[in-house]
Amino acid sequence: MTLAADLYGKGISFPPRVDPDGHIVWSEGELNVRECICLLLRTRPAERVERPGYGCGLDRFLFEPNTVATLRLIQEEVKQSIMRWEPRVALNDVRVELHATDQRAADVTITYTLVATGQQERLGMTVDVRA
């Protein structure tokens with residue numbers, strides 16, 4: 001294993017994929033942390049049998065009005081989920097704003113520090129609200 005894999009672990013890439021040689025692609029280090037955060041945010045609580053509390057539950061905002069109140073609820077859900085389930089990071093900030101071109105979506109920007117190295121990272125994703 002590499003130093004990054006020793007610090008942050010190694011797992012099947014997300015989304016799962018196969019390389020040109022037919023082998024499963026693995027992620028490790030900082031990339032594994034990033035992929036795990038994405039997976040956490042896309043997982044519904046109770047979706048995993050062995051970890052029923054794992055997940056973020058952003059799908060429950062799917063038909064909510066895209067208001068400031070909804071954006072703040074999304075922000076709080078993201079914060080709580082990362083702080084609970086991802087011990088490899090110290091959360092610096094979560095920003096949730098209306099998407100620039102699609103008013104039925106919200107942009108989530110997460111900034112965090114990797115605990116083992118102090119390296120700062122940034123992750124962005126779009127959440128559909130579709131009210």
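Start with the whole protein chain shown as a surface: about 7900 Å² is exposed, and carbon and sulfur atoms supply 53% of that area (Shrake-Rupley method, 1.4 Å probe). What you see is a predicted model, where local features need pLDDT of at least 70, side-chain atom pairs count only at pLDDT 80 or more, and totals for chains, interfaces and linings use all residues. Residues are numbered from 1 along each chain as its sequence is written, and side-chain values use heavy atoms, leaving out hydrogens and water.

Now switch to cartoon view. The protein chain has 3 helices and 5 strands (DSSP runs: H or I of at least four residues for helices, E of at least two for strands, numbered from the N terminus). Along the sequence they follow the pattern α-β-β-α-α-β-β-β.

Next, select the open sheet of 3 strands, in the order β3-β4-β5 with antiparallel pairing (strands pair if DSSP finds at least two bridges between them). β3 (89-98) and β5 (120-128) are the edge strands, each with a single partner, so one side of each has no neighbour in the sheet. From one strand to the next, the twist averages 20 degrees.

Zoom in on β4 (residues 105-114), which is joined to β5 by 9 bridges. Find Y112: it stands opposite E121 in β5.

Then add the helices. Helix α2 (residues 29-42) lies across β3, β4 and β5, at about 25 degrees to β5 (axes are lines fitted to C-alpha atoms, for helices over the stretch in contact; angles run from 0 to 180 degrees between N-to-C directions). Helix α3 (residues 68-85) packs on the sheet too, touching β3 and β4 (contact means heavy atoms within 4.5 Å). Its direction makes about 160 degrees with that of β3.
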